[in-house]
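Student: Please take a close look at the aromatic side chains of this structure. I would like one connected account that starts from their burial and pairing, and then places them among the charged contacts and the internal spaces.

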Amino acid sequence: MQKSGWIWMDGRFVPWDDANVHVLTHTLHYGLGVFEGIRCYRLTGGGSAIFRLAEHDRRLVESAHVLGIEMPFSRAEIDAACIETVRRNGLEECYLRPLVFLGDGKMGLAAENPVRVAIAAWPWGAYLGEEGVRLGVRAKTSSFWRFHSNTFMPRAKSVGNYLNSILASREVQRAGYDEAILLDTEGFVAEGSGENLFVIRDGVVSTPEPYAALSGITAATVTTLLRERGHEVRSGRITRDDIYIADEVFMTGTAAEVVPVRELDDRRIGDGRPGPITCTIQKVYAQAIRGELPEHRDWLTPIPA
């Protein structure tokens with residue numbers, strides 16, 4: 001990780017190496033916390049902008065609400081803090097990580113400790129690697145299922161939920177694959193370890209029903225871009241063998257952006273290369289984040305000089 005100079009913590013900036021917490025921080029022990037992943041991009045016409053900041057910060061606040069965490073800052077304050085974190089660190093392109101967590105004080109599951117908020121930003125390239133973006137990744141169905149909606153709350157991007165993703169990701173990577181595909185508790189495809197999934201057959205784009213997966217902001221962006229270009233996008237149940245016989249498959253996420261899947265469970269998808277719809281949406285998404293789509297300039301929050 002390439003360090004930046006400053007991290008915003010509880011309303012003030014502190015040097016990167018001083019942004020520390022006590023070892024008895026509640027969230028460290030019990031996992032009750034929420035976070036976001038946001039990207040800032042260099043614009044084609046000059047300057048930089050955070051992509052879909054309002055939507056990410058809305059989800060952050062809503063995630064806290066779902067888990068019963070009382071936010072100590074408003075959405076407007078979080079928006080402003082994200083912008084200033086990028087500006088103060090002099091970053092043209094970066095990944096932002098807002099984190100809401102319970103601090104130290106009392107121990108025990110029901111302890112009501114102070115709610116703390118931190119925002120860090122640092123340069124971060126392609127999450128699944130440049131080669132994966134260009135050629136597609138090899139995926140494997142994990143033996144770990146995505147949790148039931150009555151076990152955890154999938155609408156919250158919560159700290160503890162990601163233990164499920166970590167187990168799945170480590171399992172398949174140790175077996176030599178790039179990414180995991182998780183099934184829901186009924187055996188249908190849910191999502192990747194940190195990405196939403198799109199499956200294309202005969203020109204129709206399908207995505208799993210969202211009840212067992214996080215509602216992705218990048219997925220919503222891609223769905224809009226696909227429909228604007230005349231593609232039908234359906235939401236419904238998808239099986240593993242739907243993916244095996246698909247023409248194209250790709251995954252989306254803020255960190256991953258748009259990544260083709262060329263193989264699942266040692267079955268080649270299509271001809272084993274990124275397909276035409278996938279390549280088109282990669283190109284259009286790249287235009288959107290760089291400010292090259294005038295109709296979607298409202299997705300961008302400029303960073304002041």
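Tutor: A residue is called buried when its relative accessible area is under 20%, exposed when it is over 50%, and partly exposed in between. The model under discussion is a predicted one. Tryptophan 8 has a relative accessibility of 7%, and therefore counts as buried. Phenylalanine 73, at 19%, is also under the 20% limit and so counts as buried.

These two residues belong together in the survey of ring contacts, which gives 10 aromatic pairs in total. The ring centres of tryptophan 8 and phenylalanine 73 lie 5.0 Å apart, and because their planes stand at 65°, the pair is edge-to-face. The contact joins distant parts of the chain: tryptophan 8 is in strand β1 (residues 6-9), while phenylalanine 73 is in the loop between α2 and α3 (75-89), 65 residues apart. Another edge-to-face pair is made by phenylalanine 147 and phenylalanine 152, again with 5.0 Å from centre to centre and 65° between the planes. The two partners fall into separate accessibility classes: phenylalanine 147 is buried, with a relative accessibility of 12%, whereas phenylalanine 152, at 38%, is partly exposed. Ring pairs also link Tyr95, Trp122, Trp124 and Tyr127 into a cluster.

Aromatic faces also meet positively charged side chains. Arginine 88 is placed over the face of tryptophan 6, at 5.8 Å from the ring centre. Arginine 267 is placed over the face of tyrosine 244, at 4.5 Å from the ring centre.

The charged contacts follow from here. Side chains of opposite charge can pair when their charged atoms come close. In the whole structure, 16 salt bridges are found. One of them joins aspartate 17 to lysine 3, with the closest N and O atoms 2.8 Å apart. It connects the loop between β2 (12-15) and α1 (26-30), where aspartate 17 sits, with the segment before β1, where lysine 3 sits, 14 residues apart. Aspartate 17 and lysine 3 are both exposed. A further bridge is formed by aspartate 266 and arginine 138, with 3.3 Å between the closest N and O atoms. It too links distant parts of the chain: aspartate 266 is in the loop between β15 (257-264) and β16 (267-268), and arginine 138 is in strand β8 (residues 137-141), 128 residues apart. Aspartate 266 has a relative accessible area of 51%, so it is exposed. Aspartate 271 and arginine 273 also form a salt bridge, at 3.1 Å from N to O. Here aspartate 271 is partly exposed, at 47%, and arginine 273 is exposed, at 58%. Shared partners join the salt bridges of Glu84, Arg87 and Arg88 into one network. Arg88 is thus a point where two topics meet, since the same residue lies over the face of tryptophan 6.

The internal spaces come last. The largest pocket holds about 780 Å³ of space. Its lining has 40 residues, and the closest to its centre are Tyr127, Lys157, Tyr162, Ser193 and Gly194. The elements that contribute two or more lining residues are α2 (53-66), β6 (94-102), α5 (162-174), α6 (217-228) and β14 (248-253). Of these, α5 gives the most, with 5 residues. Sorted by class, the lining comprises 17 nonpolar, 14 polar and 9 charged residues. Tyr127 ties this pocket to the aromatic theme, as it is also a member of the ring cluster with Tyr95, Trp122 and Trp124.

The structure also has 3 cavities of 30 Å³ or more, and the largest cavity has a volume of about 50 Å³. The residues that line the largest cavity are Arg39, Tyr41, Phe51, His56, Ile217, Thr218, Thr221, Thr254 and Tyr285. At least two lining residues come from each of β4 (38-42) and α6, with α6 supplying the largest share, 3 residues. By class, this lining has 4 nonpolar, 4 polar and 1 charged residues.

How values were computed
Residues are numbered from 1 along each chain as its sequence is written. This is a predicted model: local features need pLDDT of at least 70, side-chain atom pairs count only at pLDDT 80 or more; totals for chains, interfaces and linings use all residues. Side-chain values use heavy atoms; hydrogens and water are left out. On a 1 Å grid over the protein atoms alone, a cavity is a set of points where a 1.4 Å probe fits but cannot get out, and a pocket is an open set with protein on both sides within 12 Å along at least five of seven lines; lining residues have an atom within 4 Å of a point. Grid points are joined across faces, edges and corners, and a volume is the space filled by probe spheres set on the points. Helices (H or I, at least four residues) and strands (E, at least two) are DSSP runs, numbered from the N terminus. Ala, Val, Leu, Ile, Met, Phe, Trp, Tyr, Cys and Pro count as nonpolar, Asp, Glu, Lys and Arg as charged, and the others, Gly among them, as polar. Rings of Phe, Tyr and Trp (its six-membered ring) pair if their centres lie within 6.5 Å; planes under 30 degrees apart count as stacked, over 60 as edge-to-face and the rest as tilted. Buried means under 20% relative accessible area, exposed over 50%, partly exposed in between (1.4 Å probe, protein chains only). A charge sits over a ring if NZ of Lys or CZ of Arg is within 6 Å of the ring centre and within 35 degrees of the ring normal. A salt bridge is a side-chain nitrogen of Lys or Arg within 4 Å of a carboxyl oxygen of Asp or Glu.
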